[in-house]
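Subject: Structure handover and notes

Dear colleague,

I am passing on the structure we spoke about, so that you can look through it yourself. Please open it first, and then read the notes underneath with the structure beside you.

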Amino acid sequence: MAELPAVILDRLRINLKTAGIAVGDATIQGLIEKGFLAVPTQFEELTQSFPLDLVPDYLGNWGAGLIAAASPEIGKYNSDEEKTAAPANSIIEIASQLKQRTVSPVALTERTLARIAERDPVLNAFQLVLADRALAAAQQAETEIKQGHYRGPLHGVPVAIKDLLDLAGTPTTAGSKILAGQVRHENATVVDRLEAAGAIIVGKTRMSEFAYAPGSVNGHYGPTRNPRNLAYDTGGSSSGSAAAVADDLVYAALGTDTGCSIRMPAAFCGLVGLKPTFGRVSLAGGVTLSWSLDHCGPLTRCVADAALLLSVLAGPDGRDARTRPGSEFSFAQFTHSEPTIRGLRIGMLRNDGASNPLATPEVLAGWRAGLAQLEKQGAALIEIDLPDMQAMRIVGGALIANEALAYHQANLRTRFADFGEFLQQRILAVYAYDTGAYVRAQQIRSVLRQRANKIFDQIDLLSTPSIPAVAPALGTVGSTALSIPFNLLGWPAITVPSGQTAEGLPIGLQLVGKPWDEVMVLRAARALEAAGQPR
């Protein structure tokens, strides 16, 4: 076997035996060869440099510093918002036509379903298409609009949701065999909010199994092809959501992001992907990967659409204790925000914190070209380090792993063969952690958060390439190196297209802000979008 500390391998075998999961040396060798034991080993080393008496992060006041919504008309649509610039084929653009009744919700939904029927056999973007249900909702929307009961810019607009969000009357597979066929009886909160806004949910999208892969790899349902080049992957785990929006199947889709899973597929497919502040959007009624790192947000074709979706999704929810009072977001906060970015201090991450290149040369070129566009508009670019990046990756990986194990351990004992091979090995590797690893990770997280918050004394926003490389070959996973630290911190982050490679593969630029300050993140993203994609 490859060289690993004996304590790691011994602990792995003991913990697996204690859990009642029988695996042989060949399986353990597979964990080593795929690198799944690297993070437990790194975590073991990292903990030695932190004291034992730290207060764990989960006891902190996550609502501290909450920015209250700027408008009392939270969630309401203002006709002045129609003045927002509307890129072609955006929700903002089609909403105006639906409101004016120059486009019919039924005709729009029929066109959407026809395109899904044509393209999905190629892309593999949808787990479930709800044609009859969508057409009934579209007919209701058409009647309401005709009668003057217009609910706002999502009314009559076809959208999709990731198949780990519950939709009453349908199964939520979370990309798994284990949950297939288990019909849910109530909606996830975000689904309720979409339907209340009048959106037409046409289907549920493909994803990696239980959301635990940074790629579309799925041994049960197959990978999802990238509409920009069918030989390449969409990224994960919100794979189908990205493909559906990028290929004009729907106007927007919901995803979740625990380490990259909105931002990676959005970046790989040339979309806008927004991971809101942790606690801004409810995850009640969603299958969990990691309770303390999961986020829910939109994948869209433009920044204004992402802001619009956030205004519908955001806000406290009694079903989810992670959400906070005052966490609503009004679309007016975005539309009425300062139109320029003159004087905005944007930190350019200087290195990845682990002595590795920040990204490939082509991705770096696209990122820097995007930053140059922001500088032309008056932003000040400041090179900056985030020294704990590597520690945040390790701690984030440890938290995801241990929370995922807590969720899946019962099924590992009784339905081990029903997990795909990739997920089997990734989950088994969690048994290499010490029994106190979870609390130690939350202790260290508290220290890392306090250190990281200090960068906002120097800058207003932080920028990195969204992902270190462009989309890999179909069924291949990507890197979370530049994304998972901001799940650990819970900061809002967005990816915006910033050029493409010579082969036409999109490059993403990531903007990261202070907790609860999505307005600033969206404001800079809008400025980059308005400048046009750099070449």
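What follows is a description of what was found, taken one region at a time.

Before anything else, please keep in mind that this is a predicted model, and that the values below were computed from it.

The packing in the interior is a good place to begin. The largest nonpolar core has 136 residues, and those with the most contacts inside it are Leu 37, Leu 154, Val 190, Leu 194, Leu 386, Leu 462 and Ile 494. Helix H13, which spans residues 389–414, gives this core its largest share, namely twelve residues. Another core, of 24 residues, lies apart from it, and includes Ile 200, Ala 242, Ala 243 and Val 245. To see the surroundings of one of the well-connected residues, you could select Leu 154, which, leaving aside residues up to four places away in sequence, touches Ile 91, Leu 194, Ala 197, Gly 198, Ala 199, Leu 309 and Val 312.

Two of the residues with the most contacts in the largest core, Val 190 and Leu 194, also belong to the buried residues of helix H7, which runs over residues 189–196. The buried set in H7 consists of Thr 189, Val 190, Val 191, Arg 193 and Leu 194, and it packs against strands E2 (158–162), E3 (200–205), E6 (252–257) and E8 (295–300) as well as against helix H10 (303–313). Just after H7, Gly 198 takes a positive phi of about 90 degrees, and Gly 198 is also one of the residues that Leu 154 touches.

Among the strands that H7 packs against, E6 may deserve a closer look. Six of its six residues are buried, with Ala 252, Leu 254 and Thr 256 pointing one way from the strand, while Ala 253, Gly 255 and Asp 257 point the other way. E6 runs parallel to E2, to which three bridges join it, and one of the pairings places Val 159 opposite Ala 252 as its bridge partner. With E8, on the other hand, E6 runs antiparallel and is joined by six bridges, and here Gly 255 has Gly 297 as its bridge partner.

Ser 239, found in helix H8 (residues 239–246), is another buried position, with a relative accessible area of 0%. A polar atom of the Ser 239 side chain lies 2.8 Å from the backbone oxygen of Gly 235. Not counting residues up to four places away in sequence, Ser 239 touches Arg 206, Met 207, Ser 208, Gly 215, Ser 216, Thr 224 and Thr 234.

Turning to the aromatic side chains, the structure holds eight aromatic pairs. In one of them, the rings of Phe 210 and Tyr 407 have their centres 6.4 Å apart and their planes at 65 degrees, so the pair counts as edge-to-face. Phe 210 sits in the loop between E3 and strand E4 (225–226), whereas Tyr 407 sits in helix H13, so this pair ties together parts that are 197 residues apart in sequence. Phe 210 counts as buried, at 2% relative accessibility, while Tyr 407 is partly exposed, with a relative accessible area of 30%. Ring pairs also link Phe 210 and Tyr 407 with Trp 291 and Phe 419 into a cluster.

As for the cysteines, a search of the whole structure finds zero disulfides. For Cys 296, the nearest cysteine sulfur is that of Cys 260, at 15 Å, and because its relative accessibility is 1%, Cys 296 counts as buried. For Cys 302, the nearest cysteine sulfur is that of Cys 269, at 16 Å, and Cys 302 also counts as buried, at 1% relative accessibility.

Finally, there is a loop position that you may wish to inspect. Ala 354 lies in the loop between strand E9 (345–349) and helix H12 (361–376), and counts as partly exposed, at 25% relative accessibility. Apart from residues up to four places away in sequence, Ala 354 touches Gln 390 and Arg 393. The C-alpha atoms of Ala 354 and Val 477, which are 123 residues apart along the chain, are separated by 20 Å.

With best wishes

Note on methods:
Residues are numbered from 1 along each chain as its sequence is written. This is a predicted model: local features need pLDDT of at least 70, side-chain atom pairs count only at pLDDT 80 or more; totals for chains, interfaces and linings use all residues. Side-chain values use heavy atoms; hydrogens and water are left out. A disulfide is a pair of cysteine sulfur atoms within 2.5 Å. Buried means under 20% relative accessible area, exposed over 50%, partly exposed in between (1.4 Å probe, protein chains only). Helices (H or I, at least four residues) and strands (E, at least two) are DSSP runs, numbered from the N terminus. Contact means heavy atoms within 4.5 Å. A nonpolar core is a set of buried Ala, Val, Leu, Ile, Met, Phe, Trp, Tyr and Cys residues joined through side-chain atoms within 4.5 Å. A polar contact is a pair of N or O atoms within 3.5 Å; within protein, one must be able to donate a hydrogen and the other to accept it, and residues adjacent in sequence count only if both atoms are side-chain atoms. Two strands pair if DSSP finds at least two bridges between them. Rings of Phe, Tyr and Trp (its six-membered ring) pair if their centres lie within 6.5 Å; planes under 30 degrees apart count as stacked, over 60 as edge-to-face and the rest as tilted.
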